[in-house]
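The following note sets out, point by point, what may be read from the structure shown below. Please keep the sequence and the model at hand while reading.

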Amino acid sequence: MGKTSKDKRDIYYRLAKEEGWRARSAFKLLQINEEYDIFNGVLRAVDLCAAPGSWSQVLTKKLRQNTDNEEDVKIVAVDLQAMASLPGVKQIQGDITKVSTANEIIKEFEGLKADLVVCDGAPDVTGLHDIDEYVQSQLLLAALNITTHVLKTGGVFVAKIFRGKDVTLLYSQLKLFFEFVTVSKPRSSRNSSIEAFVICQNFKPPEGYTPTMVNPLLDHKYCDFNQFTGPNRFIVPFNACGDLSAYDSDTSYPLVLEGQSSYEYKDPVQSPIDPPYKDILEKTKCMQIKKQ
Ligand code: SAM
C-alpha cells in the first residue's frame with residue numbers, strides 16, 4: 001500500500017494531517033460540539049483514553065477560547081499508552097479501570113471539579129463482537145465511575161459506546177446520573193463501525209449517592225434490571241451530528257478536491273512514540289543488516 005492510499009481512502013485521515021490534528025478522531029469531537037455545544041463555558045476537562053492526543057488538542061484550542069487567561073484552563077489526559085506531550089495538558093499514564101489511576105486524576109483537581117469529562121476509550125478489538133462490546137462497556141463504566149468523582153453538578157460527560165445488543169442497559173445506567181442522555185454518530189465516524197458517542201448532560205447524581213472507588217454499576221446484579229419494563233426502560237434519542245455537507249467518512253474522495261489546490265502528501269502530525277510494532281520493526285531491520 002503506497003503512502004497516499006490511506007489519504008485517498010479516508011478523507012478525515014488526510015484532513016487531520018492537513019489541519020495538524022494527531023488523529024482523525026478530532027473531527028468526531030468537533031462535530032459533536034457543533035451539535036451539542038459541549039465546550040460552552042468549560043475551563044476544566046478530563047480526557048480519558050487520550051492517546052495519541054487529538055481530543056486533547058481540540059480541548060486545548062476550545063477551552064482557551066473561553067478565557068483571557070490560559071492559566072484558568074486545566075486539562076488532564078489519561079491513557080495506557082505514553083503520549084507525546086502537549087502544552088497545557090497534564091498527562092497521566094495509567095489504566096482507567098484501576099483505582100490508582102482514578103485517584104491520581106482526582107488528586108490533580110485538588111478538590112475542584114471538572115466541567116467536562118470525555119472518553120474515547122477503545123479496547124484492542126478482537127473481532128468477537130460480544131467480547132468487544134463487553135470490554136468496551138467496562139471501559140465506559142470505569143470512565144463513568146471516575147466521572148462521578150470529578151465532574152461538577154450540571155457537568156457534561158461524552159463517551160464512546162458500542163451500540164451492541166445490551167446497550168439499553170448502559171443507557172439506563174447513565175440516565176441514573178444525567179438528566180439528558182443522547183447517543184450521537186458524527187459524520188466522521190464510519191457507518192461500518194458500531195461506535196457512537198453518548199452525550200450525557202446535566203450531571204445530577206441520585207440523592208444520597210456517594211462516589212466510591214468500587215464501581216457501583218459493575219457490582220449491580222444483572223438480574224436486578226429488566227431493560228424492557230418499569231422505570232429503567234428509557235429510549236435514548238439517536239441523532240447524526242456534523243453538518244450534512246461534511247465529508248462522508250465511508251466515501252473515497254479524489255486526491256485533488258474540487259476547487260482546491262493540488263494534493264501534497266503530509267506525514268502524520270505525531271507518529272506513535274512507542275507503538276506495539278516497534279520491536280518487530282527493530283528486529284526486521286537487524287535481520288536485513290545481517291543479510292547484507
Ligand atoms: N481520543 C484519542 C485521540 O483523539 O487521539 C484516540 C483514542 S484511541 C481511539 C483509544 C485509546 O484508548 C487508546 O490510546 C488506548 O490506549 C486507550 N485505552 C484503552 N483501554 C484503556 C484503559 N483501560 N485505560 C486507559 N486507556 C485505555
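1. Beyond its neighbours within four places in sequence, Ser 54 is in contact with Trp 21, Arg 22, Ala 23, Ser 25 and Ala 26. The model is a predicted one. Ser 54 belongs to helix α4, which covers residues 54–64. Is Ser 54 buried or exposed? With a relative accessible area of 3%, Ser 54 is buried, because the limit for a buried residue is under 20%.

2. Ser 54 also takes part in the surroundings of the ligand. Of the 19 residues around the ligand, Ser 54 is among those that come nearest, together with Gly 53, Asp 79, Asp 95 and Asp 120. Sorted by class, this shell consists of ten nonpolar, six polar and three charged residues.

3. Which atoms of the protein approach the polar atoms of the ligand? A nitrogen atom of the ligand lies 2.8 Å from an N or O atom in the side chain of Asp 120. For Ile 96, a polar backbone atom is 2.9 Å from a nitrogen atom of the ligand. For Ala 51, a backbone N or O atom is found 3.2 Å from an oxygen atom of the ligand. The ligand taken alone exposes 600 Å², and the protein buries 86% of that.

4. The loop between β1 (44–48) and α4 contains Pro 52. The peptide bond leading from Ala 51 to Pro 52 is cis, and its omega is near 5°. Cys 49 is found in the loop between β1 and α4 as well. The phi of Cys 49 is positive, near 60°, in a residue other than glycine. Most residues other than glycine have a negative phi, and most peptide bonds are trans. Cys 49 counts as buried, at 16% relative accessibility.

5. Asp 37 likewise has a positive phi although it is a residue other than glycine, with a value near 55°. Asp 37 is placed in the loop between α3 and β1. Its relative accessible area is 46%, so Asp 37 is partly exposed.

6. Helix α2 deserves separate attention. Its buried residues are Ile 11, Tyr 12, Arg 14, Leu 15, Ala 16 and Lys 17. The elements that cover these buried residues include α1 and α3. At the N-terminal end of α2, Asp 10 acts as a cap, with a side-chain oxygen 3.0 Å from the backbone nitrogen of Tyr 12. After α2 comes Gly 20, whose phi is positive, near 85°.

7. What does Asp 10 form with Arg 24? The two residues form a salt bridge, in which the closest N and O atoms are 2.8 Å apart. Asp 10 lies in the loop between α1 (5–9) and α2 (11–19), and Arg 24 in the loop between α2 and α3 (26–36), so the pair ties together parts that are 14 residues apart in sequence. Asp 10 counts as buried at 3% relative accessibility. Arg 24 is buried too, with a relative accessible area of 12%.

8. How many salt bridges does the structure hold? There are twelve. One of them joins Glu 108 and Lys 90, with 3.8 Å between the closest N and O atoms. This pair links distant parts of the chain, since Glu 108 is in helix α5 (residues 99–108) and Lys 90 is in strand β3 (residues 89–93), 18 residues apart. Lys 90 counts as partly exposed, at 38% relative accessibility.

9. Asp 274 and Lys 278 form a further salt bridge, their closest N and O atoms being 3.5 Å apart. Asp 274 is partly exposed, with a relative accessible area of 48%, and Lys 278 also counts as partly exposed, at 36%. Elsewhere, Lys 28, Asp 120, Lys 160 and Glu 195 are joined into one network by salt bridges that share partners. Asp 120 is thus named twice in this note, as its side chain also has an N or O atom 2.8 Å from a nitrogen atom of the ligand.

10. Finally, the protein chain as a whole may be described. It has eight helices and eight strands. Of its 292 residues, 45% count as buried. Among the contacts with a separation of 6 or more, 72% are between residues 24 or more positions apart. The accessible surface of the chain comes to about 15,800 Å², and carbon and sulfur atoms account for 53% of this surface.

Technical notes:
Residues numbered from 1 in each chain as written. Predicted model: local features only at pLDDT ≥ 70, side-chain atom pairs only at ≥ 80, totals over all residues. Heavy atoms only, no water. Helix = DSSP H or I, 4+ residues; strand = E, 2+ residues; numbered from the N terminus. Buried < 20%, exposed > 50% of the residue type's maximum accessible area, 1.4 Å probe, protein only. Contact = heavy atoms within 4.5 Å. Areas by Shrake-Rupley, 256 points an atom, 1.4 Å probe, with all protein chains shown as cover. Near = heavy atom within 4 Å. Polar contact = N/O pair within 3.5 Å; in protein donor to acceptor, adjacent residues only side chain to side chain. Nonpolar A, V, L, I, M, F, W, Y, C, P; charged D, E, K, R; others polar. Salt bridge = Lys/Arg side-chain N within 4 Å of Asp/Glu carboxyl O.
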